[in-house]
Amino acid sequence: MPEIIRSLRKLGGHASTREVKQELMENSLEIPESYMTYKKMSRNGQEYIPFNYAFNFSVTNLIFAGFLIRPVTGQVELTKLGRQFDLEKLDIDKDIMVKADAGWKKTT
């Protein structure tokens, strides 16, 4: 999740999810490119990329935690919190997951 925030900061704070994934692929030292492009076969014979699910859940968690907004479908934007938060002090459990868990519970 911090890598998504870093990528959006590099992209000026607002980008399409495709641009964020491309930025991650080109510049992330934390997430191997091979993981981001790995394709798997589903039970019904359809090919899919597991990273896309992890990415989408991470974006939603960051939205619930107040770091991102989704102004339109396919776009993400950093909030004031996302722009200013010191990622060196980020505690994923406390700063993101606690808030995200509450957000997920509201949707069910």
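# Exercises on a predicted single-chain model

The chain contains 6 helices and 5 strands, where helices (H or I, at least four residues) and strands (E, at least two) are DSSP runs numbered from the N terminus. The model is predicted: local features need pLDDT of at least 70, side-chain atom pairs count only at pLDDT 80 or more, and totals for chains, interfaces and linings use all residues. Residues are numbered from 1 along each chain as its sequence is written, and side-chain values use heavy atoms, with hydrogens and water left out.

## Exercise 1: Overall dimensions

Determine the order of the elements and decide how compact the chain is for its length.

*Solution.* Step 1: from the N terminus, the elements follow the order α-β-α-α-β-β-α-β-β-α-α. Step 2: the radius of gyration is 14 Å, close to the 13 Å from the globule rule for 108 residues, so the chain is as compact as a globular protein of that length. The radius is taken over C-alpha atoms, and the rule is 2.2 Å times the number of residues to the power 0.38. Step 3: the C-alpha trace spans about 40 × 35 × 25 Å along its principal axes. Step 4: of contacts (heavy atoms within 4.5 Å) between residues at least 6 apart in sequence, 52% join residues at least 24 apart.

## Exercise 2: The sheet

Establish the strand order of the open sheet and identify the strands at its edges.

*Solution.* Step 1: 3 strands form the open sheet, in the order E1-E5-E4, with antiparallel pairing; two strands pair if DSSP finds at least two bridges between them. Step 2: strand E1 (14–16) and strand E4 (68–69) each have a single partner strand, so one side of each lacks a neighbour in the sheet and both stand at the edges. Step 3: E1 and E5 are joined by 3 bridges, and Ser16 has Gln75 in E5 as its bridge partner. Step 4: H2 lies across E1 and E5 and runs at about 95 degrees to E1. For such angles, axes are lines fitted to C-alpha atoms (for helices over the stretch in contact), and values run from 0 to 180 degrees between N-to-C directions.

## Exercise 3: The largest nonpolar core

Identify the residues of the core that touch the most other members, and the elements that supply it.

*Solution.* Step 1: a nonpolar core is a set of buried Ala, Val, Leu, Ile, Met, Phe, Trp, Tyr and Cys residues joined through side-chain atoms within 4.5 Å; buried means under 20% relative accessible area, exposed over 50%, partly exposed in between (1.4 Å probe, protein chains only). Step 2: the largest core has 20 residues, and Ile4, Leu8, Val20 and Leu24 touch the most other members. Step 3: helix H1 (2–10), helix H2 (17–27), helix H4 (50–64) and strand E5 (75–78) each supply at least two residues, with the largest share, 4 residues, coming from H4. Step 4: beyond its neighbours within four places in sequence, Ile4 contacts residues including Val20, Leu24, Phe55 and Leu68.

## Exercise 4: Two glutamates

Classify Glu3 and Glu23 as buried or exposed, and list their contacts.

*Solution.* Step 1: Glu3, in helix H1, has a relative accessible area of 14% and is therefore buried. Step 2: a polar contact of 2.9 Å links the side chains of Glu3 and Arg6; such a contact is a pair of N or O atoms within 3.5 Å, and within protein one must be able to donate a hydrogen and the other to accept it, with residues adjacent in sequence counting only if both atoms are side-chain atoms. Step 3: outside four places in sequence, Glu3 contacts Leu24, Ser28, Glu30 and Ile31. Step 4: Glu23, in helix H2, is buried at 10% and touches Ser7, Lys10, Leu11 and Ser28, residues up to four places away not being counted.
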